[in-house]
Amino acid sequence: MSDPNHLQAPAPQQPAPGWYPDGTGAVRWWDGAAWTAHAQGSASAAAPHPEVRERPRLADHLAVDSPWTWVIALAQLIAVPSIFLIDVRGYVRFLAEGDGSGFVSYFATTGIVALLGWALTALIIVAAHRDSKRLTALGVVRPFHWAFAFLGATVYLIGRHVVLRKVTRTPGWPLWANLACVLVSLVVTTIWTVMFMQFMLSEVATSPLYS
């Protein structure tokens, strides 16, 4: 006879129904009490990984730079001299003498320079698109996207150089030429700004409007 005061141990709790590794490398459906006949291959197949396309190596010293690449690299040289088109003297006449025509001339020339800058930006974007298409035709897998040219020629050329260094030997001359152009533009812009400020201050100091 069993002891009525004896407490029976509770049965172990079974895992909830679901897909579980069954110890054979596959995942199998557990119905809460036992394994079923439903399996899904290996455990790794249950969570497939996205396919990653490797970038194959190209022939060393392949000519990866085209005229479009050099357009991107050297477009900065066209933009730099354009600042000298701005009618600085007209702006100073407006400040020193109150000449409204001087301000109109200054505003008009500044607008022309801005339009030229937008046109060069559009040219760089088109050239980057053509350059990216050419790299794809040469066999470069996932070349640096041409849309990065919207952020500037230097951004596109840096990313382009990083990708190409993974697939071929390239010195990256367009990138270095572009960086040189950026340096030249900074120097020229700084000199122009200093000359502009000196001229403006000297004219304003001798103006009867401020005497």
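In this predicted model, the axes of helix α5 (residues 153–165) and helix α6 (residues 173–205) come within 9 Å and cross at roughly 155°. That angle makes α5 roughly antiparallel to α6, since angles over 145 degrees fall into this class. The crossing of α5 and α6 is left-handed. On the α5 side, the contact is made by Ala153, Thr154, Leu157, Ile158 and His161, which meet Pro174, Leu175, Asn178, Leu179 and Val182 of α6. Sorted by character, the residues of this contact of α5 with α6 comprise 7 nonpolar and 3 polar ones, with no charged residue among them.

A second helix pair can be described in the same terms, for two packed helices are described by the angle between their axes and the distance between the axes. Helix α2 (residues 67–79) and helix α4 (residues 100–138) have axes that come within 8 Å and cross at roughly 165°, so that α2 is roughly antiparallel to α4. The crossing of α2 and α4 is left-handed. Here α2 contributes Trp68, Thr69, Val71, Ile72, Ala75, Ile78 and Ala79, while α4 contributes Leu120, Leu123, Ile124, Ala127, Ala128, Arg130 and Asp131. The residues of the contact of α2 with α4 divide into 11 nonpolar, 1 polar and 2 charged.

Following the chain onward from α2, one reaches Ser82, which lies in the loop between α2 and α3 (88–97). Ser82 counts as buried because its relative accessibility is 6%, where the cut-off for burial is under 20%. When neighbours within four places in sequence are left aside, Ser82 is in contact with Val113 and Leu116, and both of these positions fall within the span of α4, residues 100–138.

The strands deserve a separate look. Strand β1 (residues 18–21) and strand β2 (residues 26–30) pair in the antiparallel sense over 4 bridges, and within this pairing Pro21 of β1 stands opposite Val27 in β2. The two strands form a hairpin with 4 residues between them, and Gly23 in the turn has a positive phi of about 90°.

These elements can now be placed in the chain as a whole, which holds 6 helices and 3 strands and follows the pattern β-β-β-α-α-α-α-α-α when read along the sequence. Of the 211 residues in the chain, 29% are buried. Among contacts in the chain with a separation of 6 or more, 57% are accounted for by residues 24 or more positions apart.

How values were computed. Residues are numbered from 1 along each chain as its sequence is written. This is a predicted model: local features need pLDDT of at least 70, side-chain atom pairs count only at pLDDT 80 or more; totals for chains, interfaces and linings use all residues. Side-chain values use heavy atoms; hydrogens and water are left out. Axes are lines fitted to C-alpha atoms, for helices over the stretch in contact, and angles run from 0 to 180 degrees between N-to-C directions. Angles under 35 degrees count as roughly parallel, over 145 as roughly antiparallel, 65 to 115 as roughly perpendicular and the rest as oblique. A crossing is left-handed if the near helix is turned anticlockwise from the far one by less than a right angle, and right-handed if clockwise. Contact means heavy atoms within 4.5 Å. Ala, Val, Leu, Ile, Met, Phe, Trp, Tyr, Cys and Pro count as nonpolar, Asp, Glu, Lys and Arg as charged, and the others, Gly among them, as polar. Buried means under 20% relative accessible area, exposed over 50%, partly exposed in between (1.4 Å probe, protein chains only). Two strands pair if DSSP finds at least two bridges between them.
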